[in-house]
Amino acid sequence: MKLSQKIALALIATIGIGAMAASYATSMGMGPGGGCAMANKKMAFPAQIDGHLDTIKKDLNIGSDQEMAWSEFAKTIKQQKTEMMSAMQERMQPVPRVQPVQSAPDRIGERIQFMKQRVAGMETVAAAMKQLNDVLTPEQKKVFNGHFDQVMPM
């Protein structure tokens, strides 16, 4: 085999492996730079959020005296998830090339503001979780804690 053929085959193999790795990483939820990718620029569908909340409510066996606290909790989760999805979609919009490049301090300032919004959202979720947790029985608290053991609703 000629040297030029070997180089061409090596180049094709390298490009192919790189494309497969990028495709695999994207399908596993990793985006460019190792960040979280959003399939079709969406993090979750509203039906997925509702389904998850329905499962938790069923597992908790929410009683009529707990319904108000549950409703507030579910409303807060949906609202925060929707706001987060909107903010992420906005950040994922392509930036027109005619726009001047942001300075590093401006970019970091923008990221700080985004993170402050996320912290405020998490504090809102924490308050709603506490209110619901306060009306749960000890058995329900164990189930509730199990649902949020390592994965938070945000």
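**Helix packing and two residues of helix 5**

In this predicted model, helix 3 and helix 4 meet through a long list of residues. On the helix 3 side, the contact takes in Ala69, Trp70, Phe73, Thr76, Ile77, Gln80, Met84, Ala87, Met88 and Arg91. Their partners in helix 4 are Glu110, Arg111, Phe114, Arg118, Gly121, Thr124, Val125, Ala128, Met129, Gln131, Leu132 and Val135. Sorted by class, the residues of this contact come out as 13 nonpolar, 5 polar and 4 charged.

How do these two helices lie against each other? Helix 3 covers residues 67-92 and helix 4 covers residues 104-135. Their axes come within 8 Å and cross at roughly 165°. An angle over 145 degrees counts as roughly antiparallel, so helix 3 and helix 4 are roughly antiparallel to each other. As for handedness, the crossing of helix 3 past helix 4 is left-handed.

Stepping back to the whole chain, there are 5 helices and 0 strands, which reads along the sequence as α-α-α-α-α. The chain has 154 residues, and 22% of them count as buried. Taking the contacts with a separation of 6 or more, 71% are between residues 24 or more positions apart.

Helix 5 spans residues 138-147, and glutamine 140 sits in it. Is this residue buried or exposed? Buried means under 20% relative accessible area, and glutamine 140 has a relative accessibility of 8%, so it counts as buried. Its side chain also has a polar partner: a polar contact of 2.6 Å links it to the side chain of glutamine 66. Gln66 turns up again among the wider contacts of glutamine 140, once neighbours within four places in sequence are left aside. The others on that list are Leu60, Asn61, Ile62 and Val135. Val135 is also one of the helix 4 residues that meet helix 3.

Asparagine 145 is another residue of helix 5. With a relative accessibility of 46%, asparagine 145 counts as partly exposed, because that label covers values between 20% and 50%. Glutamine 140, by contrast, is buried. How far is asparagine 145 from asparagine 133 in space? The C-alpha atoms of these two residues are 9.2 Å apart, with a separation of 12 residues in sequence.

Conventions:
Residues numbered from 1 in each chain as written. Predicted model: local features only at pLDDT ≥ 70, side-chain atom pairs only at ≥ 80, totals over all residues. Heavy atoms only, no water. Buried < 20%, exposed > 50% of the residue type's maximum accessible area, 1.4 Å probe, protein only. Polar contact = N/O pair within 3.5 Å; in protein donor to acceptor, adjacent residues only side chain to side chain. Contact = heavy atoms within 4.5 Å. Axes fitted to C-alpha atoms, helices over the stretch in contact; angles between N-to-C directions. Parallel < 35°, antiparallel > 145°, perpendicular 65-115°, else oblique. Left-handed = near helix turned anticlockwise from the far one by under 90°. Nonpolar A, V, L, I, M, F, W, Y, C, P; charged D, E, K, R; others polar.
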